[in-house]
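Please read the following account alongside the sequence and the coordinates, taking the residues in the order in which they are discussed.

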Amino acid sequence: MSVKLLVVCLASLLVLVAAPFVGASLQGDDSRFILLQLRLPRTLLGALVGATLGLTGAAYQALFDNPLATPSTVGTTAGATLGALAVLVLLPGSQMGLPAVTIAAFAGALVVTFAIAAIAASGRASINDVLLAGIAITLATGAVTTGLQFQADMAATFEAVRWSLGHLTQVGYRGVIMLAPVAGVCALILLLQVRALESMLGGEERAHAQGVDVRHTRTICLAFGAIGVGACVAWCGPIAFVGLIVPHLVRLSLGSTRRVLLPMSALVGSSFLVFCDALARCVVPGQDLPVGVVTASLGAPLLVFLIARRSRA
Amino acid sequence: MAEAVKPGLAMLGLGFRVADRSILSDITLSIARGECVAVVGPNGAGKTTLFKAALGLLRPSSGSVTWDGADVRRMGGRERAAALAWLPQRTVVQETVPVLEFVRASRFRFSEGRAAAVDAAMAALCAVSAESLAQQPITTLSGGEFQRVMMATLVAQDAQTFLLDEPANHLDPRRQLDFYSMISRQWQQGRSVVCISHDINLLTHLSPLERASDVRVIGLDAGSLSFSLCLTDPSMKDALESLFSMALRVVEVSGRPYFLPSDEART
């Protein structure tokens, strides 16, 4: 297993280092600008967002003991989308220091997720009920978003659709610098929950008997997962599938041991998203595909392939 | 005047209700350190609920559960995990983690390095003769192997008291006896053991023959304490007969009493 681990680590690092050099050839006067001011921040942003989505996905799947849980399961992405859309539709063209869209998306993510975290923290709801509440609030938020879109004019709707595809462009170093501490702190706090999540392998009640404060673990995981993912969605829009697929890729290649699964989901998540983004700017020459399209169309077949291989073994 | 604090697990006037249904009512019971107690009773008598209340998983509707005088619901998690470990009736593990990792995870209460935790987990697996399973994925074990590994997680947690909820259910006759002698060994090493069992003929195997009189049997009926007797007490047969509403016959084999259904009408 340690050989596999090493290979996955090296491959991930290689992708991260090589990614800025992928794309239209770097020659001529503006090559330095393209590399340092466009591709490098974009790669750094992709690494941060991918790591956050991968790690949060792995933590949520462990917490809910459910392979279908994703960072969006508890309404984080739906809340962010509603917040962003509200600004795009109601205040077209507004700017205040930070893009208002980013602030509104982050706020939306937190409001929705913290409603779920409050249910989880009460300790009376079973973890499956928390999951159900998350799905319900996601659907409700989505309905409000759709209603809002219906009211909007063409231009605002177009902007909203573009936003909801997910993108890593046009954020620059400012986005990286603002996202890095948030993502870093959230990642650290989630990783500190590994031992509690390991104890939960046999269910929450057993974990309680082994000394885990289950309510505390639930609240911390949901809250800091949501803050990290909310910040990512606020800057980049919802990037689909990374949080669902990456933990499964890690699980199928390296096993489910929590202390491997969580950090490796962060590393593989970052390299996966950066790889998809590099691909997104090469597939159609002279055009940037939304990275969300690539993550889904690449990740889903890869997951099916790994599952097929496992069921044959 | 302050009440004398009894060491070990104590329940005082414990009651638990769900909606209007009473699951446990007015249970007063204490289990001192080093005791071996079997809990018997018909289905739905509240045995599992009793354990959950002991672990602080439930908020009692009345009364209290204490360990060494401290309320189990107010104790710190790690402190409580040092006092009480639990083998639930059913445990579902979905993830394919290696057995050794699963057992190591139950060392949560300890602040120790990984190497120390792995050593302790391995020692726990050896204590239940399951060391050969260490690297196997937990999802591939047979029922008997799984139950052994579950016992290893309790040994690794190293709590003073083991709460075992029908630990030998679903095991074949030989493995049932093996499992009970494993429990017996843990008791003789100084732990308290509280064991729920439906099989009244396994109770005698909780202890070596010469210590049979140290095993206490508690009968639970419809949420109330029905009796608390030493296993070798002459009135045990009557107590079990009235608890299960059936006629029994005692048959002694190599000094151990077994209770068999009797055709005679109850007197």
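In which loop of chain A is A:Asp65 found? In this model, which is a predicted one, A:Asp65 is found in the loop between helix 2 and helix 3 (76-90) of chain A. The residue comes just after helix 2 of chain A and takes a positive phi of about 50° there. Most residues other than glycine have a negative phi. A:Asp65 has its positive value although it is not a glycine, and the residue is buried, because 20 other C-beta atoms lie within 10 Å and a count of 20 or more places a residue in that class.

The helix that precedes this loop, helix 2 of chain A, covers residues 31-64, and it can be examined for its length, its course and its surroundings. Its 34 residues, at 1.5 Å a residue, should span 50 Å, and the C-alpha atoms at its ends are 47 Å apart, which agrees with that expectation. Along the way helix 2 of chain A bends by about 35° at A:Arg39, and a proline, A:Pro41, follows within four residues of the bend. As for its surroundings, 25 of the 34 residues of helix 2 of chain A are buried, so the helix is largely enclosed by the rest of the structure.

One of the partners of this helix is helix 11 of chain A. Two packed helices are described by the angle between their axes and the distance between the axes. Here the axes of helix 2 of chain A and helix 11 (residues 242-254) of chain A come within 7 Å and cross at roughly 70°. That crossing makes helix 2 of chain A roughly perpendicular to helix 11 of chain A, because angles from 65 to 115 degrees are counted in that class. On the side of helix 2 of chain A, the residues that meet the other helix are A:Gly50, A:Leu53, A:Gly54, A:Thr56, A:Gly57, A:Ala58 and A:Gln61, while helix 11 of chain A contributes A:Val242, A:Gly243, A:Leu244, A:Val246 and A:Pro247. By class, the residues of this contact divide into 6 nonpolar, 6 polar and no charged.

Elsewhere in chain A, A:Asp153 lies in the loop between helix 5 (127-151) and helix 6 (154-164) of chain A. A:Asp153 is exposed, since 9 other C-beta atoms lie within 10 Å and a count of 12 or fewer defines that class. A:Asp153 and A:Ile127 are 26 residues apart in sequence, and their C-alpha atoms are 41 Å apart in space.

How many residues does each chain bring to the contact between chain A and chain B? The contact takes 24 residues from chain B and 19 residues from chain A. On the side of chain B that touches chain A, helix 2 (77-83), strand 6 (84-87) and helix 3 (99-105) of chain B each supply at least two residues. Helix 2 of chain B gives the largest share of that side, 4 residues. The side of chain B that touches chain A has 13 nonpolar, 6 polar and 5 charged residues.

Strand 6 of chain B, named above, is also the place of B:Leu87. B:Leu87 counts as buried, with 22 C-beta neighbours inside 10 Å. Not counting residues up to four places away in sequence, B:Leu87 touches B:Met150, B:Met151, B:Leu154, B:Leu164, B:Asp165 and B:Pro167. B:Thr153 has its place in helix 5 (residues 143-157) of chain B, and B:Thr153 is buried, with 28 other C-beta atoms within 10 Å. Leaving aside its neighbours within four places in sequence, B:Thr153 is in contact with B:Val103 and B:Ser106.

Two further residues of chain B complete the walk. B:Trp187 sits in helix 6 (residues 173-188) of chain B and counts as buried, with 22 C-beta neighbours inside 10 Å. Beyond residues up to four places away in sequence, B:Trp187 touches B:Cys36 and B:Val193. B:Asp26 is found in strand 2 (residues 21-31) of chain B, and its phi is near 45°, a positive value in a residue other than glycine. B:Asp26 is partly exposed, with 15 other C-beta atoms within 10 Å, whereas A:Asp65, with its own positive phi of about 50°, is buried.

Notes: Residues numbered from 1 in each chain as written. Chains lettered and ligands numbered in written order. Predicted model: local features only at pLDDT ≥ 70, side-chain atom pairs only at ≥ 80, totals over all residues. Axes fitted to C-alpha atoms, helices over the stretch in contact; angles between N-to-C directions. Parallel < 35°, antiparallel > 145°, perpendicular 65-115°, else oblique. Contact = placed C-beta atoms within 7 Å. Nonpolar A, V, L, I, M, F, W, Y, C, P; charged D, E, K, R; others polar. Expected span 1.5 Å × (residues − 1). Bend = angle between axes of the 7 residues up to and from the residue.
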